[in-house]
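Here are a few friendly notes to read with the model open beside you. Take them one at a time and look for each feature as you go.

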Amino acid sequence: MPVRQDNLIQIDGGTYAFMHLPGGWGQTNTGLVVGDDASMVIDTVWDTSRAESIAQAWPDLVGSAAITEAVNTHSDGDHWWGNDTLPASARITTSESALHAMKEDTPPAAVARFSKLGSVASALPGPAGAMGSYMSRVTGGASLPTRGPRLPDHTFAGTDTITVGGRTVLLRDLGPAHTPGDVIAHVPDSGVVFTGDLLFIGATPVIWHGPLSNWQDALDHLLGLDAATYVPGHGPICGPTEIELLRDYWSWLDREGRAQFHAGRSPIQAARTLLTSNDFRPYAHWDSPERIVLNLSTLYRLWKGEAPAPPTFGRRARAFADAGKLLRERSR
């Protein structure tokens, strides 16, 4: 899979973004920061073919400034399962909480098996078919690694600063929110912030962990950086207007979803109502609107007073079944 030139954006003389648009499931953006004599990669992708093609593009971009550092923004596999394409000598950094989640999460080989089973089950009626079809949609035909990829070998809590080839990269863990640890990488000399999945642009975001207030605070932090360029985890490069719209979505869902919760409606009943409300119109053009039921599955837990936590396999399967059911209903 060649990396098309229009998917590689040169932000400045030594800062690049590999874009995978439009930014749906598994379509992850990654970054490259090139210094005088060393370089840094930000995130790797889970599809082995695409990960290899991106790695093949690195040498022409870095020249003699070898890749010595890498950052994984969080624990979702589509942001780090390509780590085996990194040079063996490169140090990989993430937050302590993200590394713990990586070790606890379902390994790629198991995800690949579930995806194949889901593809077979998608022909079935009812919840099993809905869950199977949605699981297959999530992996999107990606060729996942057959074994566990290399884990990060350096962690931090809170903040960290890495100097690579004379360039400063500021790391901050703004989670838990989307996942247990959500790291951003701020490159001040180019005015760029690589945000990981704290930003989904043009696509419905997914909150797996929470609390939601942390995500809202994270968006305020991103706006406060007043950066010239934000590279989201999924979707096109953006500015403050898109971040403010995402913040509005969370405020709306917090308010209206909570009302549905207190009215005794299930997450899928609430999702049906909210997706057809006038207040949803600003977000109706985003990809994967059915993800609202994934978000409600997490938020309902929190509104019941349960502690924020990573999704269990069972919780994720039930949410995927609801999302698959919504998709089937909306396609009729």
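1. A residue is called buried when its relative accessible area is under 20%, exposed when over 50%, and partly exposed in between, using a 1.4 Å probe and protein chains only. By that rule, 56% of the 332 residues of the protein are buried.

2. Please keep in mind that this is a predicted model, where local features need pLDDT of at least 70, side-chain atom pairs count only at pLDDT 80 or more, and totals for chains, interfaces and linings use all residues. Residues are numbered from 1 along each chain as its sequence is written, and side-chain values use heavy atoms, leaving out hydrogens and water.

3. How does the size fit the chain length? The radius of gyration (over C-alpha atoms; the globule rule is 2.2 Å times the number of residues to the power 0.38) is 19 Å, which agrees with the value near 20 Å for a compact globule of 332 residues. The C-alpha trace spans about 60 × 40 × 35 Å along its principal axes.

4. The largest nonpolar core (buried Ala, Val, Leu, Ile, Met, Phe, Trp, Tyr and Cys joined through side-chain atoms within 4.5 Å) has 58 residues, and Trp215, Trp250 and Ile292 are among those touching the most other members. Its largest share, eight residues, comes from α8.

5. Now find Ile292: leaving aside residues up to four places away in sequence, its contacts (heavy atoms within 4.5 Å) include Thr204, Tyr249, Leu253 and Ala271. Another core of 19 residues lies apart from the largest one, with Phe18 and Trp58 among its members.

Definitions and conventions:
Helix = DSSP H or I, 4+ residues; strand = E, 2+ residues; numbered from the N terminus.
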